[in-house]
Amino acid sequence: LATKHHIRLSHLSHLIEKHLMIHYQHHLEWMLILIAALQGTQREGTHCELDHTKCSFGQWLHNPSIPYLSSTSHFSDIQRLHVNLHELASNIFSQNGSENMDHKSMIQLLQNLDYTSLEIGNEIAIINDMLIIGEYTKDPLTGLLGRRLFEKIVMGQVEIAKATESDCSMI
């Protein structure tokens with residue numbers, strides 16, 4: 001799980017303009033802190049915040065200064081997924097410390113945590129795309145984006161697809 005998240009972070013680092021993906025990067029960094037805490041390799045001074053409103057991603061998510069995002073259904077999905085993610089993390093921590101830990105159950109919880117993390121990334125990528133395209137003007141005659149912007153968006157989508165382990169296709 002830690003290796004996957006390091007790879008996802010490295011893909012995000014290749015993005016030239018991260019826009020909202022910077023918040024997914026913060027989320028992945030939190031995931032690495034969580035994994036280190038479970039392994040007992042957590043660096044001194046770091047803390048895995050289990051309250052979904054207090055982690056850096058949660059603080060951004062609950063920021064009242066982003067009303068243009070909070071009205072989208074994707075943003076509602078991110079909020080729901082984020083709460084679910086922190087509940088899963090709490091369950092993992094409680095099982096990790098118990099003497100009668102069920103390994104199959106722990107693996108299932110970790111898989112659900114990873115899946116939820118990827119879903120958050122996918123939803124942020126969708127909103128990110130809407131913002132990127134909305135920032136640029138289209139050619140007034142054809143209504144299409146320019147070649148340079150098209151290349152920038154395609155390369156960004158490839159890196160986001162790698163980071164979120166999702167498919168990327170073009171028609």
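Two exercises follow on a predicted model.

Residues are numbered from 1 along each chain as its sequence is written, and side-chain values use heavy atoms, without hydrogens and water. Local features need pLDDT of at least 70 and side-chain atom pairs pLDDT 80 or more, while totals for chains, interfaces and linings use all residues.

**Exercise 1.** Place His82 in the fold and state whether His82 is buried or exposed.

*Solution.*
- Start with the chain. The protein chain has seven helices and zero strands. Helices are DSSP runs of H or I, at least four residues; strands are runs of E, at least two; numbering starts from the N terminus.
- Find the element. His82 lies in helix α5, residues 73–96.
- Check the cover. His82 has a relative accessible area of 1%, so this residue is buried (under 20%; exposed is over 50%, partly exposed in between; 1.4 Å probe, protein chains only).
- List the neighbours. Leaving aside residues up to four places away in sequence, His82 touches His52, Cys55, Phe57, Gly58, Leu61 and Ile120. Contact means heavy atoms within 4.5 Å.

**Exercise 2.** Describe the largest cavity: which residues line it?

*Solution.*
- Define the object. On a 1 Å grid over the protein atoms alone, a cavity is a set of points where a 1.4 Å probe fits but cannot get out; lining residues have an atom within 4 Å of a point.
- Take the volume. The largest cavity holds about 40 Å³ of space, as filled by probe spheres set on the points.
- Read the lining. His26, His27, Trp30, Cys55, Ser56, Phe57, His82, Leu85 and His86 line the largest cavity.
- Assign elements. Helices α2 (21–39), α3 (56–61) and α5 each give two or more residues to this lining.

Key: On a 1 Å grid over the protein atoms alone, a cavity is a set of points where a 1.4 Å probe fits but cannot get out, and a pocket is an open set with protein on both sides within 12 Å along at least five of seven lines; lining residues have an atom within 4 Å of a point.
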